Structures are given as structure tokens and as C-alpha cells.
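Hi everyone, thanks for making room for me today. I'd like to walk you through one structure, piece by piece, and you are welcome to follow along on the screen. Here it comes.

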Amino acid sequence: PLIQRALRRKRMCRLADYLQAKTFLHRLQAETRDEAIQELVRAVCQSAGCGRKEIEERVLQRERAMSTGLGNGVAVPHARIAGLKEPLVCVGLSSEGIDFNAPDGKPAQIILLLLSSLEDDCAQIELLADISRTFANRETRKLALQAEGFSEFMALIRSGKEF
């Protein structure tokens with residue numbers, strides 16, 4: 001931190017820094033992409049005390065413009081929201097999988113809603129990169145889906161292990 005301060009560099013945004021038990025949905029009830037987004041937005045807005053309707057519309061609008069299915073069972077619906085003080089992340093797991101129109105045609109089982117500030121150009125890019133790195137490995141994705149709860153999921157994310 002002292003070196004970063006001396007160099008006037010801020011710390012990179014990391015997924016683990018924004019995960020919370022209240023925004024971890026161990027088993028999504030949703031069966032469709034829109035239902036999943038609505039369920040995730042509802043959870044993050046209840047936790048953060050923000051207006052659900054506007055955020056839901058922004059995320060759905062973004063999703064319809066371009067799919068956020070990354071492939072390998074991961075999707076990251078996201079939107080940039082004016083006035084957010086810090087990024088908000090909500091994780092939902094779906095054992096059945098939900099079609100997010102991924103390039104590989106696989107349904108998403110790990111779905112991460114990412115909301116970042118309209119004023120912060122780097123946060124969304126840094127978090128998307130960290131999510132991609134975190135879930136690039138098949139074994140990590142498998143263990144994430146097997147997590148019994150938030151603590152186990154967080155331990156996996158924080159471990160940063162390469163399997």
C-alpha cells in the first residue's frame with residue numbers, strides 16, 4: 001500500500017473484494033436469462049438499498065444489445081450505473097444452467113451480475129478480467145458449483161489456486 005500510494009496507483013479491483021453472503025444465491029430459481037437477471041438484481045438491490053427497476057432495465061437492455069455469456073458455463077450480465085460509490089456483484093449458481101447465448105453454446109451455471117459506476121472507467125474492465133481469470137479453469141468452475149455455501153465459495157475464490 002505504501003508503494004502504491006507513493007506511485008499514486010490505486011489497487012486493482014478484485015472479485016473477492018466485492019462478494020458478500022447476502023448477494024450469493026446458492027441456487028437460482030430462474031429458468032431463463034431474463035428471470036436470472038431479475039433474481040440477481042433483486043438480491044443486489046435489497047442488499048445495497050438501491051432502486052431495482054432502473055437497474056433491472058439497464059442490465060436487461062445491455063444483455064439484449066449483446067449477450068454476456070462468456071462460455072464454459074459462465075455469464076456476466078453487467079451494466080454501468082450513475083452514482084454508484086463502488087461496484088456491486090451478485091453471484092448465482094444454476095445446476096441446470098441458463099442460456100446466455102454463449103459462443104460455445106453451453107448454458108451458464110455460474111452467473112455473476114456486475115454493476116459498476118458510470119464514472120469509473122477501470123472498475124468494470126478490471127472486474128471482468130478478474131472474473132475471466134478466476135473461472136478460466138474447469139476444475140475451479142466445478143468446485144464453485146459444488147460449494148455448499150458462501151464461505152466455501154469465497155475460500156475457493158480467495159485461494160487463487162491453479163488446478
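Let's start with a term: a salt bridge is a side-chain nitrogen of Lys or Arg within 4 Å of a carboxyl oxygen of Asp or Glu. Please also keep in mind that what you see is a predicted model.

With that term in hand, how many salt bridges does a search of the whole structure find? The search finds five. Some of them join up: Arg 14, Asp 130 and Arg 133 are linked in a network of salt bridges.

Let's look at one pair from that network. Between Arg 14 and Asp 130 there is a salt bridge whose closest N and O atoms are 3.3 Å apart. Find Arg 14 in the loop between helix H1 and strand S1, and Asp 130 in helix H4; the pair therefore ties together parts that are 116 residues apart in sequence.

Now, are these two partners buried or exposed? Arg 14 has a relative accessibility of 42%, so this residue counts as partly exposed. Asp 130 has just 2%, and because buried means under 20%, Asp 130 counts as buried.

While we are at Asp 130, have a look at Thr 134, which is in helix H4 too. A polar atom of the Thr 134 side chain lies 2.7 Å from the backbone oxygen of Asp 130. Thr 134 counts as buried as well, with a relative accessibility of 16%. Which residues does Thr 134 touch, if we do not count those up to four places away in sequence? They are Thr 140 and Ile 157.

Next stop: a pair of helices. Please rotate to helix H2, residues 33-48, and helix H3, residues 52-65. They pack at an angle of about 145°, and their axes are 10 Å apart. The crossing of H2 and H3 is right-handed.

Who meets whom there? On the H2 side we have Arg 33, Asp 34, Ile 37, Gln 38, Val 41, Arg 42 and Cys 45. On the H3 side they meet Arg 52, Ile 55, Glu 56, Val 59, Leu 60, Glu 63 and Arg 64. If you sort the residues of this contact by character, six are nonpolar, one is polar and seven are charged.

Some of those charged residues bring us back to salt bridges. Asp 34 and Arg 64 meet through their side chains in a salt bridge, at 2.7 Å from N to O. Asp 34 sits in helix H2 and Arg 64 in helix H3, so this pair ties together parts that are 30 residues apart in sequence. As for accessibility, Asp 34 counts as partly exposed at 22%, while Arg 64 is exposed, with a relative accessible area of 53%.

Asp 34 also forms a salt bridge with Arg 33, where the closest N and O atoms are 3.5 Å apart. Arg 33 lies in helix H2 and is partly exposed, at 24% relative accessible area.

Let's stay with Arg 33 for a moment. Which residues is Arg 33 in contact with, leaving aside its neighbours within four places in sequence? The answer is Glu 63, Arg 64, Ile 98, Asp 99 and Phe 100. Take Glu 63 from that list: Arg 33 and Glu 63 are 30 residues apart in sequence, yet their C-alpha atoms are 9.0 Å apart in space.

My last topic is the backbone. Most residues other than glycine have a negative phi. With that in mind, let me show you two asparagines.

Asn 72 has a phi near 55°, which is a positive value in a residue other than glycine. You will find Asn 72 in the loop between strand S2 and strand S3. At 40% relative accessibility, Asn 72 counts as partly exposed.

The other one is Asn 101, whose phi is also positive, near 55°. Its place is in the loop between strand S5, residues 88-98, and strand S6, residues 108-117. Is Asn 101 buried or exposed? Asn 101 has a relative accessibility of 55%, and because exposed means over 50%, Asn 101 counts as exposed.

That brings me to the end of the tour. Thank you for listening!

Conventions
Residues numbered from 1 in each chain as written. Predicted model: local features only at pLDDT ≥ 70, side-chain atom pairs only at ≥ 80, totals over all residues. Heavy atoms only, no water. Axes fitted to C-alpha atoms, helices over the stretch in contact; angles between N-to-C directions. Helix = DSSP H or I, 4+ residues; strand = E, 2+ residues; numbered from the N terminus. Left-handed = near helix turned anticlockwise from the far one by under 90°. Contact = heavy atoms within 4.5 Å. Nonpolar A, V, L, I, M, F, W, Y, C, P; charged D, E, K, R; others polar. Buried < 20%, exposed > 50% of the residue type's maximum accessible area, 1.4 Å probe, protein only. Polar contact = N/O pair within 3.5 Å; in protein donor to acceptor, adjacent residues only side chain to side chain.
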